[in-house]
Amino acid sequence: MAVNGSTVTKASDFFDLTVGSIINSILVGKRFEENTKHEFLVIKNALDKGFEVFTAFDMILPVWFTKYVLRKHFDYIMKVNDDSKDFAARDAVERYQKFKSGSYTVDENDLDDYTDAFLLKIQQEGENENFNLESLKTMILDLWITGQETTSTTLVSGFSHLLMNPHIMDKAKNEILKVTENGSRYLTLEDRPSTPYLNAVIGEVQRHASVLNINFMRYNYEPVIMGGHPVDGGCLVSAQLGALHVNEEMFENPYDFDPERYMNNDNLLPQTIPFGLGKRSCLGEALARSELYLIFGNLLLRYQFRPHGTLSSLELNPFSAAKKPYKMEMEFIKIQNE
Ligand code: HEM
């Protein structure tokens with residue numbers, strides 16, 4: 001990174017590695033550095049393969065149909081899934097094996113990460129159908145998938161909007177400079193109430209990014225009326241967050257990138273619901289909100305940004321379950337605030 005001067009980098013590579021390091025630290029206590037970047041890329045490439053083949057249709061079709069009628073596709077998805085699991089959970093499996101052989105014990109007063117917490121449960125209660133090696137691997141992969149691509153995609157999409165709208169980037173930067181006494185300290189989560197414009201920018205980024213093309217399904221247990229339409233018991237239903245986020249009745253000129261809309265209407269930010277609502281809303285909401293605030297805020301505080309090459313709102317993988325923004329390059333220029 002540009003400690004002094006400037007550097008040009010692919011935004012998706014930079015944010016993938018940043019977010020990947022955070023999620024990997026939480027899960028297995030390991031950040032990725034320059035000399036371990038290749039380990040990150042192995043996991044990331046395996047996950048990317050999964051995103052390429054797993055389409056929104058796979059979330060709608062019954063599993064038996066895919067399994068028996070689209071056999072080749074099903075087998076390929078399962079292979080990609082198994083490979084991803086092996087790569088993502090490699091460190092956790094190593095620790096599990098040491099734990100089983102007795103060369104590693106978990107100190108309940110000194111848990112390092114998610115894997116330690118999981119092993120502690122086995123240490124206290126023994127292995128059972130919920131806590132065993134296979135479920136440890138599955139949980140690690142699930143949290144990798146849900147926690148990595150979503151946040152990284154939001155950051156790439158957000159910087160792309162900021163680069164296309166430099167006046168918005170400048171306004172956010174000025175607010176952050178003021179709050180941090182001209183950059184004499186980092187921006188922290190305690191600053192959130194004092195940065196309404198940055199909060200509005202992040203809200204608008206998330207509204208546009210709407211990172212899932214299709215939301216997780218719910219099973220409707222009994223017949224109900226939804227929005228005036230009868231829906232039978234046994235139906236699968238989904239609230240399409242992406243569609244809600246471009247509802248013209250709620251968001252005037254919804255395709256414009258305009259954080260001011262939140263400054264003029266206090267009730268609008270809570271209507272942007274990128275993490276869903278209710279019991280099955282996003283498990284990682286608090287983590288993701290913290291990451292977005294700290295990464296957007298502190299990068300704007302320390303760097304100027306310029307586009308390098310073409311900017312576009314074009315979406316790659318339009319039929320995948322998750323969005324993939326255009327691969328753009330950006331220039332980081334270190335600023336000396338002090
Ligand atoms: C900007 C980042 C993120 C966005 C926009 C996002 C969005 C979502 C959405 C829309 C759902 C579905 C909610 C529903 O069906 O009602 C979801 C579920 C989920 N998310 Fe996130 N997410 C993000 C980051 C994360 C992170 C960082 C993690 C964990 C490390 C995570 C873990 C999960 C899990 C486990 C679920 C499934 C919850 C369940 O089914 O009970 N997400 N997320």
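Is E260 buried, partly exposed or exposed, and what is its relative accessible area? In this predicted model, E260 is partly exposed because its relative accessible area of 27% falls between the limits of 20% and 50%. E260 forms a salt bridge with K171, in which the closest N and O atoms are 2.8 Å apart. This pair links distant parts of the chain, since E260 belongs to helix α12 and K171 to helix α9 (residues 166-179), with the two positions 89 residues apart. K171 is likewise partly exposed, with a relative accessible area of 38%.

The count of salt bridges in the model comes to 22. Within helix α10 (residues 196-209), E204 and R207 lie 3 residues apart, about one turn of the helix, and their side chains meet in a salt bridge with an N to O distance of 2.9 Å. Both partners are buried, because the relative accessibility is 0% for E204 and 3% for R207, and the threshold for burial is under 20%. Salt bridges that share partners also join D16, K44, D48 and E149 into one network. A further salt bridge connects the side chains of R185 and E181 at 3.8 Å, N to O; here R185 is partly exposed, at 30% relative accessibility, whereas E181 is exposed, at 51%.

The iron atom of the ligand has a single donor from the protein, the SG atom of C282, at 2.3 Å. C282 is found in the loop between α12 (260-263) and α13 (285-302), and at 34% relative accessibility this cysteine counts as partly exposed. An unreviewed UniProt entry places the feature "binding site" at C282.

As regards strand pairing, β9 (residues 329-334) pairs with β1 (residues 6-10) in the antiparallel sense over 5 bridges, and β6 (residues 303-308) pairs with β9, also in the antiparallel sense, over 6 bridges. Residue E331 of β9 stands opposite V8 and is, in addition, the bridge partner of R306.

On the surface, W64, Y68, V69 and L70 form a nonpolar patch with about 460 Å² of accessible area together. Of these residues, Y68 is found in helix α4 (residues 63-68) and counts as exposed, at 57% relative accessibility. Elsewhere, Q97 lies in helix α6 (residues 90-101) and is partly exposed, with a relative accessible area of 48%. Q97 and V211 are separated by 114 residues in sequence and by 36 Å in space, taken from C-alpha to C-alpha.

How values were computed: Residues are numbered from 1 along each chain as its sequence is written. This is a predicted model: local features need pLDDT of at least 70, side-chain atom pairs count only at pLDDT 80 or more; totals for chains, interfaces and linings use all residues. Side-chain values use heavy atoms; hydrogens and water are left out. Donors are N, O and S atoms within 2.8 Å of the metal (3.2 Å for Na, K and Ca); water is not among the atoms, so sites may look incomplete. Helices (H or I, at least four residues) and strands (E, at least two) are DSSP runs, numbered from the N terminus. UniProt positions are given in the numbering used here, feature names are shortened, and annotations may be inferred rather than shown by experiment. Buried means under 20% relative accessible area, exposed over 50%, partly exposed in between (1.4 Å probe, protein chains only). Patches are made of residues with over 30% relative accessible area and no salt bridge: like charges are joined within 9 Å, nonpolar side chains (Val, Leu, Ile, Met, Phe, Trp, Tyr) within 5 Å. Accessible areas come from the Shrake-Rupley method with a 1.4 Å probe; for residues, only the protein chains shown count as cover. A salt bridge is a side-chain nitrogen of Lys or Arg within 4 Å of a carboxyl oxygen of Asp or Glu. Two strands pair if DSSP finds at least two bridges between them.
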